Amino acid sequence: ELMPLYIPRNHLIEELIKHAYEGDFSYFHKMKEVLSLPFEEREGLDKYQRPPSENEIVPYTFCGT
């Protein structure tokens, strides 16, 4: 079974939303680009593969997960 290398992890979505509220949509566009090929490993995208560090954990989300 093929598993995606890049998924929209909560801490990355929170980062994206924070910057979007500030008017910076570059994080959104980067996430959109990364997720356009989730099964293809690409150089420089390690950030989108790793779980959150201790200070990046999102304790509550909109959907309650």
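This passage describes the internal cavity of the structure and the helix packing and nonpolar core associated with it. The model is predicted, and local features required a pLDDT of at least 70, side-chain atom pairs counted only at pLDDT 80 or more, and totals for chains, interfaces and linings used all residues. Residues are numbered from 1 along each chain as its sequence is written, and side-chain values use heavy atoms, with hydrogens and water left out.

Rolling a probe the size of a water molecule over the atoms shows where empty space is left. A cavity is here a set of points, on a 1 Å grid over the protein atoms alone, where a 1.4 Å probe fits but cannot get out; lining residues have an atom within 4 Å of a point. Grid points are joined across faces, edges and corners, and a volume is the space filled by probe spheres set on the points. One cavity of 30 Å³ or more was found, and the volume of the largest cavity is about 40 Å³. Its lining consists of L12, E15, L16, Y27, M31, K47 and Y48. Five of these residues are nonpolar, none is polar and two are charged (nonpolar: Ala, Val, Leu, Ile, Met, Phe, Trp, Tyr, Cys and Pro; charged: Asp, Glu, Lys and Arg; polar: the others, Gly among them).

Helix 1 (10–21) and helix 2 (26–35) each supply at least two lining residues, helices being DSSP runs of H or I with at least four residues, numbered from the N terminus. Helix 1 gives the most, with three residues. The two helices pack at an angle of about 145 degrees, with their axes 7 Å apart; axes are lines fitted to C-alpha atoms over the stretch in contact, and angles run from 0 to 180 degrees between N-to-C directions. In this packing, L12, I13, E15, L16 and H19 of helix 1 meet Y27, F28 and M31 of helix 2, contact meaning heavy atoms within 4.5 Å. The contact residues comprise six nonpolar, one polar and one charged.

The largest nonpolar core (buried Ala, Val, Leu, Ile, Met, Phe, Trp, Tyr and Cys residues joined through side-chain atoms within 4.5 Å) has seven residues, namely Y6, L12, L16, M31, V34, L45 and Y48. Helix 1 and helix 2 each contribute at least two of them. Beyond four places in sequence, M31 touches P8, L12, I13, L16 and Y48.

E15 lies in helix 1 and counts as partly exposed because its relative accessibility is 25% (buried is under 20% relative accessible area, exposed over 50%, partly exposed in between, with a 1.4 Å probe and protein chains only). Beyond four places in sequence, E15 touches Y27 and K47.

Definitions and conventions:
1 Å grid on protein atoms, 1.4 Å probe; cavity = no way out; pocket = protein on both sides within 12 Å on 5 of 7 lines; lining within 4 Å.
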